[in-house]
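Trainee: I am new to this one, and I would love a guided tour. Could we go through it together, question by question?

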Amino acid sequence: EIGSATMPASDYTVYAQWQADGSKFVVHFDSDGGSRISDHAYVTASATNYDNFLKPSKSGYTFEGWFYKNDDGSETKYEGGEPFIKKSEHTFVAHWSPRADTRYNVAYYVRTDSKDAEGNYTYRKVAEETVSHTGTTESKISINDYPEDLKQTLTVNGEEYWYNAELEGNVLEGTIVGGTPTELKLYYSKYFNLNITSKGEGSVV
C-alpha cells in the first residue's frame, strides 16, 4: 500500500496521474529556430488581454513579429497587449527576414611538413590571412564574387606556397548562414628550392 511504513515484499513502479487544469489556458511561442520564448499560462476567468510579448533573437535574421494562423489560412501579427484571440490553447509563430550584413570568411590553408596516420601531408589554417565579407543570409556565395581572394601564391613566415586547385579540401562555393560564419577554403602546396650542381665537364641549363 502506498504510504505504508512497511517495506514492500517486492519492487513495484508508481506512476503519477495528472489532470488538466481547466482554470487556465496556455499560449505557446514557436520561435522557428530562434531563441526560446517560454509559454505563458493565463487564468481563464480573469484574463482579458495578452501580456507584452518577448522578442526572440536569431543570428543572421531580423525578427518581424509574432503571427497567428487564422482558420482561413491567413496570418495576423500580434505584439502583445491585444485582446485574446480565444481563451484556449494556441500558438504564435515567429517570422524572420534574412539580414544583409551576415559575415562569411575566405580562409587559407598551407601545407605543413607533418603527415597524418595515413601518410598524407597535413594543412594548417593561416588565421592572419583570413578575409571576411558580408552578404544576405541564405544567399549563395562563390570565390569568384571577389576574384582578388583567389591568390595564386602565398608567403607565410618566409615560406612560399602556391594555390593547388587539385586538392580536395578546396571549398569554392557555399551558402551564407547565421551563427558560425560560412567558410570558403583555399589550399596551398609548398614550393621547394632545388639546388643543382654539376660535376665534371658540361653545364647545367
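**A guided tour**

Mentor: Happy to! The accessible surface of the protein comes to about 14200 Å², and 47% of that belongs to carbon and sulfur atoms. Please keep in mind that this is a predicted model.

Trainee: How many helices and strands does the protein have?

Mentor: Start by reading along the sequence, where the pattern is β-β-β-β-β-β-β-β-β-β-β-β-β. That fits the totals for the protein, which are zero helices and 13 strands.

Trainee: What share of the contacts with a separation of 6 or more is between residues 24 or more positions apart?

Mentor: Let me set the scene with burial: of the 205 residues, 29% count as buried. As for the contacts with a separation of 6 or more, the share from residues 24 or more positions apart is 64%.

Trainee: Which strand gives the most to the largest nonpolar core?

Mentor: That core has 17 residues, and Val27, Phe29, Tyr42, Tyr50, Phe53, Trp66 and Phe92 have the most contacts inside it. At least two of its residues come from each of S1, strand S3 (61-69) and strand S5 (90-98). The top contributor, with four residues, is S3.

Trainee: Which residues does phenylalanine 53 contact, leaving aside its neighbours within four places in sequence?

Mentor: Phenylalanine 53 is among the residues with the most contacts inside the largest core. Beyond its sequence neighbours, the partners of phenylalanine 53 are Phe29, Trp66, Tyr78, Glu79, Gly80 and Phe92.

Trainee: How does S10 pair with S11, and which residue in S11 is the bridge partner of threonine 153?

Mentor: S10 and S11 form a hairpin with two residues between them. Their pairing is antiparallel, over four bridges. Across this pairing, the bridge partner of threonine 153 is tryptophan 162.

Trainee: Which residue in the turn of that hairpin has a positive phi?

Mentor: Most residues other than glycine have a negative phi, so a positive one is worth a look. The place to search is the loop between strand S10 (153-156) and S11. The residue there with phi near 55 degrees is exposed, at a relative accessible area of 71%, and its name is asparagine 157.

Trainee: What is the phi of aspartate 32?

Mentor: Aspartate 32 sits in the loop between strand S1 (24-30) and strand S2 (40-43). With a relative accessible area of 41%, aspartate 32 is partly exposed. Its phi is positive, in a residue other than glycine, and is near 50 degrees.

Trainee: How many salt bridges does the count come to?

Mentor: Side chains of opposite charge can pair when their charged atoms come close. One of these pairs is aspartate 101 with arginine 99, at 2.7 Å from N to O. Aspartate 101 is partly exposed at 41%, and arginine 99 is partly exposed at 33%. The count of salt bridges comes to six.

Trainee: How many residues apart in sequence are the parts tied together by glutamate 183 and lysine 125?

Mentor: The side chains of these two meet in a salt bridge, 2.7 Å from N to O. Because glutamate 183 lies in strand S13 (residues 183-190) and lysine 125 in strand S7 (residues 121-125), the parts they tie together are separated in sequence by 58 residues.

Trainee: Is lysine 190 buried or exposed?

Mentor: Lysine 190 forms a salt bridge with glutamate 159, with the closest N and O atoms 4.0 Å apart. Lysine 190 lies in strand S13 and glutamate 159 in strand S11 (residues 159-163), so the pair ties together parts 31 residues apart in sequence. Glutamate 159 is partly exposed, with a relative accessible area of 35%. Lysine 190 has a relative accessibility of 14%, and since buried means under 20%, lysine 190 counts as buried.

Trainee: Which residue in S13 is the bridge partner of tyrosine 161?

Mentor: S11 and S13 run antiparallel and are joined by three bridges. A residue from the network of salt bridges that links Arg111, Asp113, Glu159 and Lys190 comes back here. The partner of tyrosine 161 is lysine 190.

Technical notes: Residues numbered from 1 in each chain as written. Predicted model: local features only at pLDDT ≥ 70, side-chain atom pairs only at ≥ 80, totals over all residues. Heavy atoms only, no water. Buried < 20%, exposed > 50% of the residue type's maximum accessible area, 1.4 Å probe, protein only. Contact = heavy atoms within 4.5 Å. Areas by Shrake-Rupley, 256 points an atom, 1.4 Å probe, with all protein chains shown as cover. Core = buried A, V, L, I, M, F, W, Y, C linked by side-chain atoms within 4.5 Å. Pairing = 2+ DSSP bridges.
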